[in-house]
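Q: I'm new to this one and would like to learn how to read it. Could you walk me through it step by step?
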Amino acid sequence: MSEVQVDCEECQEQVHEYLQREVNEELSKAITAHLANCDHCDDVYKIENDLNQVIRTSCETETPEEVIARIRKHIAELG
Amino acid sequence: MTALAFSSPITLKRLNSKAMTTKDPALEAEALKLLQFEQQAIPLMPKLMPFAMEKSQYNRSEAEDLMQESFAKAYRYWNTFEQGTNVYGWLKKIVKNTAINRGMKEAKHQQVSALDDMEDFKLGEDAHSVTARANRSAESEVLAKLASNDVQDAVDSLKPEFRAVVQMAIVDGYSYQEIADILGIRIGTVMSRLHRGKKTLRETLYNYAQQEGYNVDAAAKEAVVKEAKKGSKK
């Protein structure tokens, strides 16, 4: 399936980078393959993923609309 | 609410009418931030527009979207900009990274769907490790029980340098390179702050869950403590 292989230690070391999509495609495939075959690593991954989702839904904030409107106005004025 | 750069979604109307007459520190800080941004960042727009055009294959509307996204980002993290250093260089990096991310979104989509295909292999696997599954679901349950306020408080209680990275990486989805450029730190530092920040969050959230009297399963406790120990040994 994939030429690169990862063991449990490597997999868990890279779990944050995998979640943030900061690993290259080859390594990403190797980690995905490892997770499919290793319950323990899959649990570590899922807990981190759940935590990310909880953080995301609790801390989502937007740049105030008024600020965006001002930025947009300035850009439009660039002509 | 918990945004790094501003403490609450204050509207400009409120800012304009009240900031100068009240002693509300949050309002005053927000007003100062906006003032600085208008004085230092906005005037550089004409100078950055040609760069945005270049990064957008000279498509005007694409360049305008790129500028808008970049300046919104710059405003959001204005407080992390080190006053007195090169504003133009800082903004240019943000435009550059935003352009890269916008271009990469499509490529990433393709990569993600390839991963999703591989995930399907998992469906056929044996659920042989029942205990491990129980640990995970117990910890996930603890997470699910916590109120949104608890999570916000936990994020707010992180040291500012950790909070910034957690917010940018997880909530805003910025790339490590973008975070490194905005904060003026190395990518390795971004990674270690993200790892440590998340580890601290897990411990804090678990403590909250206990304090609030949730029936925290022994298996979940074991899972969290084990992970925390493993992390601290490194």
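**Reading a predicted two-chain model**

A: Sure, let's start from a single residue: Val166(B) sits in helix H8 of chain B, which covers residues 160-171. Keep in mind throughout that this is a predicted model.

Q: Is Val166(B) buried or exposed?
A: The idea is to count neighbours: a residue is called buried if 20 or more other C-beta atoms lie within 10 Å of its own. Val166(B) has 22 other C-beta atoms within 10 Å, so it counts as buried.

Q: Which residues does Val166(B) touch, leaving out those up to four places away in sequence?
A: Look for partners from elsewhere in the chain, and from the other chain too. Within chain B, Val166(B) touches Val155(B), Leu158(B), Leu194(B), Gly197(B) and Lys198(B). From chain A, Ile55(A) is a partner of Val166(B) as well. You can also compare sequence distance with distance in space: Val166(B) and Met191(B) are 25 residues apart along the chain, and their C-alpha atoms are 9.9 Å apart.

Q: Met191(B) makes me curious about its own surroundings. Which helices pack at an angle of about 105° in chain B?
A: For a helix pair, check the angle and the distance between the axes. Helix H9 (residues 176-183) of chain B packs against helix H10 (residues 187-211) of chain B at about 105°, and their axes are 9 Å apart. Angles from 65 to 115 degrees count as roughly perpendicular, and H9(B) and H10(B) are therefore roughly perpendicular to each other. On the H9(B) side, the contact uses Tyr176(B), Gln177(B), Ile179(B) and Ala180(B), while H10(B) brings Ile187(B), Val190(B) and Met191(B). Sorted by class, this H9(B)–H10(B) contact has six nonpolar residues, one polar and no charged ones.

Q: Ile55(A) came up as a partner of Val166(B). Which residues of H7(B) does helix H4(A) meet?
A: Here you read a contact across two chains in the same manner as one inside a chain. Helix H4 (residues 39-59) of chain A and helix H7 (residues 148-156) of chain B have axes that come within 9 Å and cross at roughly 95°. That makes H4(A) roughly perpendicular to H7(B). Val54(A), Ile55(A), Thr57(A), Ser58(A) and Cys59(A) from H4(A) face Ser148(B), Val151(B), Gln152(B) and Val155(B) from H7(B). The classes in the contact of H4(A) with H7(B) are five nonpolar, four polar and no charged.

Q: How does helix H5 of chain A pack against helix H4 of chain B, and at what angle?
A: Same recipe again. H5 (residues 65-76) of chain A and H4 (residues 60-76) of chain B have axes 10 Å apart and pack at about 140°. H5(A) and H4(B) are therefore oblique to each other. Their crossing is right-handed. From H5(A), the contact takes Val67(A), Ile68(A), Ile71(A), Arg72(A) and Ile75(A); from H4(B), it takes Glu64(B), Met67(B), Gln68(B), Phe71(B), Ala72(B) and Tyr75(B). The residues of this H5(A)–H4(B) contact split into eight nonpolar, one polar and two charged.

Q: Where does Cys38(A) lie?
A: Loops deserve a look too. Cys38(A) is in the loop that links helix H3 (25-37) and H4 of chain A. With 20 other C-beta atoms within 10 Å, Cys38(A) is buried. Its C-alpha atom is 9.6 Å from that of Asp7(A), a residue 31 positions away along the chain.

Q: How many helices and strands do the chains have?
A: Zooming out, chain A has five helices and zero strands, and chain B has eleven helices and zero strands. Of the 79 residues in chain A, 35% count as buried; for the 234 residues of chain B, the figure is 32%. To see how far contacts reach, take those between residues at least 6 apart in sequence: in chain A, 61% of them join residues at least 24 apart. For chain B, the corresponding share is 69%.

Q: Where in chain B is confidence lowest, and where is it highest?
A: Read pLDDT along the chain and then the scores for the whole model. Helix H1 (residues 12-18) of chain B is lowest, with a mean of 49, and helix H3 (residues 45-55) of chain B is highest, at 96. Overall, chain B has a mean pLDDT of 76, with 66% of its residues at 70 or more. Residues 1-14 of chain B stay under 50, and the model has 30 contacts for them beyond four places in sequence. The model as a whole scores ipTM 0.84 and pTM 0.67.

Terms used: Residues numbered from 1 in each chain as written. Chains lettered and ligands numbered in written order. Predicted model: local features only at pLDDT ≥ 70, side-chain atom pairs only at ≥ 80, totals over all residues. Axes fitted to C-alpha atoms, helices over the stretch in contact; angles between N-to-C directions. Helix = DSSP H or I, 4+ residues; strand = E, 2+ residues; numbered from the N terminus. Parallel < 35°, antiparallel > 145°, perpendicular 65-115°, else oblique. Left-handed = near helix turned anticlockwise from the far one by under 90°. Contact = placed C-beta atoms within 7 Å. Nonpolar A, V, L, I, M, F, W, Y, C, P; charged D, E, K, R; others polar. Buried ≥ 20, exposed ≤ 12 C-beta atoms within 10 Å, placed from the backbone. pLDDT = per-residue confidence, 0-100.
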